[in-house]
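Work through the exercises below with the sequence and the model open. Each task is followed by a solution in steps.

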Amino acid sequence: MTDILSSALQLEAAPGIVLHVQRFCSVDASTPILLVHGLVEDGRIFYSQSGKGLAPWLAQLGYDVFVPDLRGRGQSTPALQPGMQITQQQLITEDMPALFDLIEREYPGQPFFAATHSWGGVWLASALIRQPHYLPRVAGMVHFGCKRVIYQRSLRKRIMIDLLWGRVAGLLGRIKGFIPARSLGAGSADESCALHRDNLAWMNGGEWRDLEDGFDYALTLDALNWPPGLYLAGKHDLYLGHVDDVKAFARELGKHDAQIVLLEKGTGCSRDYGHNDMLTHANALDDHFPLVRSWLLQRSR
């Protein structure tokens, strides 16, 4: 088995904002890949303390894996404090470009891959639309449970998203000065009230338009040549990354090489996967991670 080196990088994304980037690679790593977490998460969705997860697994295959904690979460500094306002625009126009530039410094002129989970796919896509000069460098993107709009109208969605995430979390945010996602059992990282507002505006069907300066992502996207994408959805993911919403996100990105895979028992998977366990369950290494490997290898060629 290949020895994997894990190191921590400190990356300044803006004055006073330092992102923690965990890096996994072997001594002969040759292909960079950026892993972007989603809302109410940090980079640990991709790796565990015991060395398991997608990031170490990719490093075993020879990839140089960069896993950031975006601002205000994980080991990035400063930590989220009451009243601290973190917006999607900051993540899209500062954090993500800083990460693209980090890979450029390590691998000048070389294509790289990206993989995202949940809302991280929206941040990544938005950053590439807004700074399209990075697009030619992207060899392909793998999206785990990514959607921009939740079109589902199930009872569970109304309770978990509309009521708990939308109203209850918003009320607690006004009281505490931040969204206490960990206390609510909604995720592993708390959120800024501004980021919560931005998320709801887009996720509930709002136009793909920046809430601060009005930049129109959808209109700009029409003129871009979008990289290939692998879109994975869990059969048991009933509202956070429902397969129909994942398909809608792929369509919204325009005409491109898009492969959509439903992770359900009996079709190469040992179980019906949900929103997070498609990354964290031990069986993922045998069920669908090999599919990711094959897809990456095809695009590498």
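The model is predicted.

**Exercise 1. The second largest pocket**

Task: Characterise the lining of the second largest pocket by residue class, then give its volume and the element that contributes most.

Solution:
- Step 1. Sorting the lining residues by class gives seven nonpolar, six polar and two charged.
- Step 2. The space in this second largest pocket comes to about 260 Å³. Its lining has 15 residues, and those closest to the centre are Gly-51, Lys-52, Pro-56, Trp-57 and Gln-60.
- Step 3. Helix α1 is the element that gives the most to this lining, namely three residues.

**Exercise 2. The largest pocket**

Task: Find the volume of the largest pocket and describe what lines it.

Solution:
- Step 1. The volume of the largest pocket is about 590 Å³. Its lining is made of 26 residues, with Val-40, Trp-165, Ala-186, Gly-187 and Leu-240 closest to the centre.
- Step 2. Two or more lining residues come from each of α4 (155–176) and α6. The largest share belongs to α4, which supplies five residues.
- Step 3. By class, the lining of the largest pocket holds 14 nonpolar, eight polar and four charged residues.

**Exercise 3. The setting of Val-40**

Task: Val-40 is one of the residues closest to the centre of the largest pocket. Is Val-40 buried or exposed? Which residues does Val-40 touch beyond its sequence neighbours?

Solution:
- Step 1. Locate the residue: Val-40 sits in the loop that runs between β3 (31–36) and α1 (54–60).
- Step 2. Apply the cut-off. The relative accessible area of Val-40 is 11%, so Val-40 is buried, since the limit for that class is under 20%.
- Step 3. List the contacts. With residues up to four places away in sequence set aside, Val-40 touches Arg-73, Trp-165, Ala-181, Ala-186, Gly-187, Ser-188, Ala-189 and Glu-191.
- Step 4. Check a long-range pair. Val-40 and His-196 are 156 residues apart along the chain, and their C-alpha atoms are separated by 9.6 Å.

**Exercise 4. Strand β4 and its partners**

Task: How many residues of strand β4 are buried, and which strands pair with β4?

Solution:
- Step 1. Strand β4 covers residues 63–69, and seven of its seven residues are buried.
- Step 2. Separate the two faces. In a regular strand, side chains alternate between the faces of the sheet. In β4, Tyr-63, Val-65, Val-67 and Asp-69 are on one side, while Asp-64, Phe-66 and Pro-68 are on the other, and both sides are covered.
- Step 3. Assign the pairings. Strand β2 (residues 17–25) pairs with β4 in the antiparallel sense over five bridges; one bridge joins His-20 to Asp-69 of β4. Strand β3 pairs with β4 in the parallel sense over four bridges, and Thr-31 has Tyr-63 of β4 as its bridge partner.
- Step 4. Inspect one charged residue of the strand. Asp-64 lies in β4 and is buried, with a relative accessible area of 2%. Outside its neighbours within four places in sequence, Asp-64 is in contact with Arg-23, Phe-24, Cys-25, Ala-29, Thr-31, Pro-32, Ile-33 and Tyr-107.

**Exercise 5. Enclosed cavities**

Task: How many cavities of 30 Å³ or more are there, and what lines them?

Solution:
- Step 1. The count is two cavities of 30 Å³ or more.
- Step 2. The largest cavity holds about 50 Å³ of space. Its lining consists of Gln-88, Gln-89, Ile-92, Asp-198, Trp-202, Asp-210, Leu-211 and Glu-212. Helices α2 (88–106) and α6 (193–203) each supply at least two of these residues, and α2 gives the most, with three. By class, this lining has three nonpolar, two polar and three charged residues.
- Step 3. The second largest cavity has a volume of about 30 Å³. Around this cavity are Arg-71, Gly-72, Arg-73, Leu-80, Ile-86, Asp-190, Glu-191, Ser-192 and Leu-195, which divide into three nonpolar, two polar and four charged residues.

**Exercise 6. Cysteines**

Task: How many disulfides does the whole structure contain?

Solution:
- Step 1. A search of the whole structure returns zero disulfides.
- Step 2. Take Cys-269 as a case: it is in no disulfide, and the nearest cysteine sulfur, that of Cys-146, is 17 Å away. The cut-off for a disulfide is within 2.5 Å.
- Step 3. Compute burial. Cys-269 is buried at a relative accessible area of 9%, and Cys-25 counts as buried at 13% relative accessibility.

Methods. Residues numbered from 1 in each chain as written. Predicted model: local features only at pLDDT ≥ 70, side-chain atom pairs only at ≥ 80, totals over all residues. Heavy atoms only, no water. Buried < 20%, exposed > 50% of the residue type's maximum accessible area, 1.4 Å probe, protein only. 1 Å grid on protein atoms, 1.4 Å probe; cavity = no way out; pocket = protein on both sides within 12 Å on 5 of 7 lines; lining within 4 Å. Points joined across faces, edges and corners; volume = space filled by probe spheres on them. Nonpolar A, V, L, I, M, F, W, Y, C, P; charged D, E, K, R; others polar. Contact = heavy atoms within 4.5 Å. Pairing = 2+ DSSP bridges.
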